[in-house]
Amino acid sequence: MFIEKLKEAVRKILPEVDVVIGYRQGFDPLHATPYFLDKPEQVDQLIWNPLCVQNLCSYIPFLKGKVGVIVKGCDSRAIVQYMQEKLITRENIKVIGVPCLRVISVKKVMAAINQQTVQEVTFEGDNIIVKIPEGPKTIPSADVAPRKCATCQLATPLQYDVLAGEAIQSNKPQDTFEETKEFEKLSLEERRAYWEKEFDRCIRCYACRNACPMCICQDKCIAESRDPHWTSQRANVTEKAMFHMIHGLHLAGRCISCEECERVCPMDIPVAKIKKKISMDLKELFGYEAGMNPDDTPPMYTFKVEEATIEEHEI
Amino acid sequence: MRVGVFICHCGNNIAGTVEVAKVAEAARMMPGVAFATTYMYTCSEPGQEEIKEAIKREKLDRVVVAACSPRMHEVTFRRTVEKTGLNRYFFEMANIREHCSWIGEDKELNTNKAIEAIKLAVEKAKQNKPLFPAKFKINKRVLVIGGGVAGMQAALDCADGGLDVVLVEKSPSVGGMMARLDKTFPTVDCSICILGPKMVDVSQHEKINLYAYSEIEEIKGYVGNYQIKIRKKATYVDWSKCTGCGACIEKCPSRNAFDYFNFGVAPARAINIPFPQAIPKKAKIDAQFCRQFIKGKCGVCAKFCPVGAINYEMKDEIVTEDVGAIIVASGYGLIDLDKLPEYGGGRYPDVISGIQYERILNASGPTSGHIERPSDHAEPKTIVFVSCAGSRDKSIGIPYCSNFCCMYIAKQAILTKDHIPDSRSYVFYMDIRSPGKGYDEFTRRAQEEYGVQYIRGRVSRIYPKGKKMIVKGADTLLGTQVEIEADLVVLATAVTATTDARTLAEKLHISYDPHGFYVESHPKLRPVETNTSGVFLAGACQGPKDIPASVGQGSAAAAKVLSIFSKDTLESDPQIARVNTNICVGCRKCIGTCPFGAIEEQQLRDGRIIANVIETVCAGCGICNSTCPCGAIQLQHFTDNQLLAEVNALCLT
Amino acid sequence: MSYLAGKELRIVGFLCNWCSYGGADTAGVGRFKQPTDLRIIRVPCSGRVNPLFVVKALLNGADGVLVSGCHPRDCHYSDGNFYARRRLEMLKRLLPFLGIDERRFHYTWVSASEGARWKNVVTDFTKAIHELGPFHQKEEKTECS
């Protein structure tokens, strides 16, 4: 069993670190929840399955001492990005890598079962079987995976100190930003109307920000501050849009496309869409992808005297 | 908060196209404004008195003056405000002249624009915080870049004023363009005879440290404390041994080197001393022409040097000098003849530039002062001078006048007549520009006493015919075509910025105009200052200039340096970045983007790492401010909240 | 001011103190006539212009935003406009994604000596914004709660 390999890896690392962050069962069988453990007897509580969706790296920059963390391929880009931005001391982090081909979106499962109570969840082959009051329902995992999994290239994490299990290769096609390009085919008016509608739903709960591994300001976020006073607390769409622009622009060249922001949004606002667009542009402009190479510098924090890809604009 | 708004009529400059009374009325309605008035000339003494009185009478704590550009009078009004005890940064200025009354034609729109400019300033002022300058020590040494007449004058004046001077000259000798001239107008003094003593003074002055054949590699720091890296180019001759005897030059077998000093009038040796009065009088090897370097064997100069000064292994050397101010006197260049295809583009040996002719006239030049034409060394009898060869010609991107060509052509024509009494000189000109003291009399003398024939018109073409050059042009006064068979044609080629002017400006952080000439701080009132404090301009690097103007600027720049060095400390600008330690999350992004290395990590007692601004190093650009995600680092006087107040004033209406 | 609505549109300019603000002064001194719509905010350097200021202005009522700094290599602070160029280029590409016509935002370089160029920038940009028309309908600014 894979979980045994994982527990073994955690047991081995535990004496070297102050805390290990993993997953355990949440409030129902469909939810996994982050678990901080520092005693060997806690290791048995650990779980591993495609519902372990959270990016546990988000905690690392705020923890002191030595930290062990369970990291999927997608999550590992956060580690790389922290290294680029010198937000962590890599030696203080023990990365327990887990190979992963696909996780499962709780929201998509809940939609597929019409929001009924989940009694049991099992996995069989490439299916998830959800037991609901009317009986077990088998859903192909691919149908309820987050969209990031469809183009995931990182089946094995970029960074790890120990790997639970074997390294595997991705079997997915490269991301070609099809969705972004498709959206750009809409007229300007349609796009504006789209965002006005989406942003208007925002309740400014800041869940997207809080879940974001790169939102390192957290409680110092300028969306809530009066000095500087970038946004007011007025509940209009302008202020909401302003918050999302702050979030988006602060992540320009830093967003690792983990889509945690979108996963946690209680209003289902496609907040990752803006970040994806910026990522696409920055890849085109500077050949840069966040969280891939620890030696890179995020493109907004550097420059070239001659920018081959930026032309002067005519009015 | 009690804001006072003072609206200036500026005579009719503002009041002519802006209804100032209406503006004042609108200002009174703005939130926070306690007082608003208009005044004829706010910058005048009574105007400033009125501000001071109003501050006291109305108990104002913020002041907005709506007048000209803050680049003009911000300092004036800050001082006014400060005299009443208010912090000078409680002052804001609304530009309703350059940005409003002078550019808009519609009075209603102008008035509205002025009102909004004031609204912007009022909102900003309400956000302003008191700021206090710190004091820092200054290094009372000065760097002078360029050893032409302007740079030498500046160096000598500074040195006589007691300052240590570092003088960096690109070529192997000081003297610049003036050292190449035969005589100077309008006195027809021998150029080197009047310049020579200055050159000697420079070399002998104990306060002047001359780096000849050296260039500026890097400039770091700020007014009062610059660190300069100077590249001493390899001369392949140990100057501490070289006596300037010239034995090496005599024996050098590479006789086809380009003579930079003589602008290629005749070839030079690969090892050379530019001219007899050179300072320092030391030899250097032009490696690209030297057999030792090209073929790897020769060694003749090393063999004949009586003091063993030749060193083929010599490398460029970088030296560091710390100074407190910089005077830039890097001079000018001239366009190449190939920019002028209609005048032969440099293909005809007997069509030469004015500076080349100057060398031919010069007794220490390649012809020993005998006028002979380059093609066959014959004495020319008919000489045509063409003024504005490239100057005032938009088609080649030089719309400006080169300033001194009219005068040197007159001089050269006079000298030609002196040298060859039976010669005839013609001058094609567009306008005769001779506005200096004694200048117009001089050009008249050329015409009336020396019989130089002036033809008003442009030369359209120059081409060879046998041994002659045919000069075709128009005589616009007679309305005819003119064709002159000349033995020699002298083109007054346009003055340009030096080829490396832009690179140097970038090292200095000073601006240059589209032609590469350096931009002064104010065209009328701050002609030798730049917008970078501590950097001053002298001579033709700022624009074409003749000798007296260059010397005057050299002295002026020196006076500016002496005046800032008259104090031991300078006040630092408090408009720099400051870190709010409570907010900073220690993400270090500001550290990486600061162009000046002004931000360092600091560990707080609780172990948190945060950013810390080194006050004396911060130049106040605000890149860190726009980089900081949490707004912890704020550029004082241009904080996020101050700029947001301005944006909101404009947009949230 | 609303009483001039119709005649003017709201154009906000962020100008660096050393080059473009000076260029605007030079244009004024030269009496180069320009449209009056533009309102100028003086900043020390184009590198100071956080793209969020542009967003803030556009979201809150501006019909067009102009950022102008020193020409590349000519920055008073040596690198400020290099950062500005990258960040503003990113923004310019992002705006249409949000439904904001990219022509409503322009960034350029004007030196202190280029009065005539400044006049052209202002004239052309103002013209372009007038061709696009107002960005905000007034009723849109009502608050939701």
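This text describes an interface, a sheet and a helix pair in a predicted model.

The interface is that of chain A with chain C. Here, 32 residues of chain A are in contact with 29 residues of chain C. On the side of chain A that touches chain C, the elements giving two or more residues are helix H6 (188-200), helix H8 (237-250) and helix H10 (272-286) of chain A. H8(A) supplies the largest share of this side, seven residues. By character, the residues on the side of chain A that touches chain C comprise 21 nonpolar, three polar and eight charged.

Chain A also holds an open sheet of three strands, ordered E5-E6-E7 with antiparallel pairing. Strand E5 (120-124) and strand E7 (135-140) of chain A form its edges, each pairing on one side only. On average, and with direction ignored, neighbouring strands of this sheet are turned by 25 degrees against each other. Between E5(A) and strand E6 (residues 127-132) of chain A, which run antiparallel, there are five bridges. Phe123(A) has Ile128(A) in E6(A) as its bridge partner.

In chain B, attention turns to a pair of helices. The axes of helix H1 (residues 20-28) and helix H5 (residues 107-127) of chain B come within 9 Å and cross at roughly 35 degrees. This crossing of H1(B) and H5(B) is right-handed. H1(B) contributes Lys22(B), Val23(B), Ala26(B) and Ala27(B) to the contact, while H5(B) contributes Thr111(B), Ala114(B), Ile115(B) and Ile118(B). Classified by character, the residues of the contact of H1(B) with H5(B) are six nonpolar, one polar and one charged.

Technical notes
Residues numbered from 1 in each chain as written. Chains lettered and ligands numbered in written order. Predicted model: local features only at pLDDT ≥ 70, side-chain atom pairs only at ≥ 80, totals over all residues. Contact = placed C-beta atoms within 7 Å. Helix = DSSP H or I, 4+ residues; strand = E, 2+ residues; numbered from the N terminus. Nonpolar A, V, L, I, M, F, W, Y, C, P; charged D, E, K, R; others polar. Pairing = 2+ DSSP bridges. Axes fitted to C-alpha atoms, helices over the stretch in contact; angles between N-to-C directions. Left-handed = near helix turned anticlockwise from the far one by under 90°.
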